[in-house]
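Take a walk through this structure with me. Start with the whole chain, then move in to single elements and residues.

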Amino acid sequence: MTPLKSIYAYISGLAISLLLLPITADAQRRKTVEVPDTLPFYRGVAVSADLVGAGMAVFGDYGQYEGAVRLNLRNRYFPVVEVGLGKADHTDDVTKIRYKTSAPYGKIGIDFNLLKNKNDIYRLYGGVRYAYASWEYDLEHPPLTDPVWGGNTEYGGSGIKCHYHWAEAVFGVDATIWGPIHLGWSVRYCQRISYDNGTLGNSWYVPGYGKDGGSRLGGTFNIIFEI
C-alpha cells in the first residue's frame, strides 16, 4: 500500500468513526434512561407536628395545633393528610368586641419531590392541598347606647355557624437530622374557594386558615418522624 492510500484509508476510517459516534452515544443514553427504577413503590410513612401554629395558639390570641400523616412513594410522591384544632380568643382594643372559637379542620393533598436526586437526605418539594373547616363562634360586645331614643341595645351571638372551603399551594424543605428524625418548613398560599361566615358577617378567624379573607400567606415549621 502506497503512503497516499494509507493516508486515505486512515482518513476514511476516522470519518466513519465520527459518523458512528452520535449513534453510539445515543444508544448509550437510551440504555441509561431505560434502566428501571429499583426503589420499592412504598418507602414508608411519616408523622409530623407543626410548631408555628402551636406557638401562636399558646402565646397569642389565635392559632392551631396541627399534625400530619404522609406516605412516601418512591421518594417522589407524598400523599398527605393534615388535621388540626384551631382556636381563637380575641378582644379588639378599640371596639371591645370579643371573638371566641375552637374547632377542628382537615386538609388532603400531595407533595412532589423537586430534586433530581430523589434519594438525598434533603427534599425540596411543591404540593397542593384541599382544606375544609366547619365551626361555631361566639361574639360578645358591650351593650350599645341608642343616641336618639336612649337605652341599651345588645349586639353579639352564640354558636354562630360557619364553614370554609379553600385550596393551598405549598413549597417546602425537609432534611434528615438523625435517623428517622427530620425537620422541615413550608410556605403556603391559601385561596378561599367558597364560604359561609354566618349571620353576623365576616368571622374574625377561620380554624386552619387564619384570619378571615379571600387569600393569605402562611407557613409551618415541622418536626417529622419517618419510618
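Of the 227 residues of the protein chain, 31% count as buried. The model is a predicted one. The surface of the protein chain comes to about 13,900 Å² of exposed area. Carbon and sulfur atoms supply 65% of that area.

Now trace the fold. The protein chain has 2 helices and 12 strands. Read from the N terminus, the order of its elements is α-β-α-β-β-β-β-β-β-β-β-β-β-β. Contacts also link distant parts of the sequence. Among contacts in the protein chain with a separation of 6 or more, 63% join residues 24 or more positions apart.

Go next to the loop between α1 (3-33) and β1 (42-50), where L39 lies. Is L39 buried or exposed? L39 counts as buried because its relative accessibility is 19%, and the cut-off for buried is under 20%. What does L39 touch, leaving aside residues up to four places away in sequence? Its partners are R74, N75 and N119. Take N75 as an example. L39 and N75 are 36 residues apart along the chain, yet 8.5 Å separates their C-alpha atoms.

Move on to helix α2, which spans residues 51-59. Its N-terminal end is capped by D50. A side-chain oxygen of D50 lies 3.0 Å from the backbone nitrogen of V52. Which residues of α2 are buried? They are G53, A54 and A57. These residues cover an arc of only 100 degrees around the axis, so they sit on the same side of α2. What do they pack against? The buried residues of α2 meet three strands: β1, β2 (62-73) and β3 (77-91).

Finally, look for empty space inside. Rolling a probe the size of a water molecule over the atoms shows where such space is left. The structure holds 1 cavity of 30 Å³ or more. About 190 Å³ of space lies in the largest cavity. The lining of the largest cavity is made up of 19 residues. Closest to its centre are S48, A68, R70, E82 and N222. Which elements give two or more residues to this lining? They are β1, β2, β3, β5 (122-140) and β12 (215-226). The largest share, 5 residues, comes from β1. Strands β1, β2 and β3 thus appear twice on this walk: the buried residues of α2 pack against them, and they help to line the largest cavity.

Technical notes
Residues are numbered from 1 along each chain as its sequence is written. This is a predicted model: local features need pLDDT of at least 70, side-chain atom pairs count only at pLDDT 80 or more; totals for chains, interfaces and linings use all residues. Side-chain values use heavy atoms; hydrogens and water are left out. Helices (H or I, at least four residues) and strands (E, at least two) are DSSP runs, numbered from the N terminus. Buried means under 20% relative accessible area, exposed over 50%, partly exposed in between (1.4 Å probe, protein chains only). Contact means heavy atoms within 4.5 Å. The arc is that of the directions from the helix axis to the C-beta atoms. A polar contact is a pair of N or O atoms within 3.5 Å; within protein, one must be able to donate a hydrogen and the other to accept it, and residues adjacent in sequence count only if both atoms are side-chain atoms. Accessible areas come from the Shrake-Rupley method with a 1.4 Å probe; for residues, only the protein chains shown count as cover. On a 1 Å grid over the protein atoms alone, a cavity is a set of points where a 1.4 Å probe fits but cannot get out, and a pocket is an open set with protein on both sides within 12 Å along at least five of seven lines; lining residues have an atom within 4 Å of a point. Grid points are joined across faces, edges and corners, and a volume is the space filled by probe spheres set on the points.
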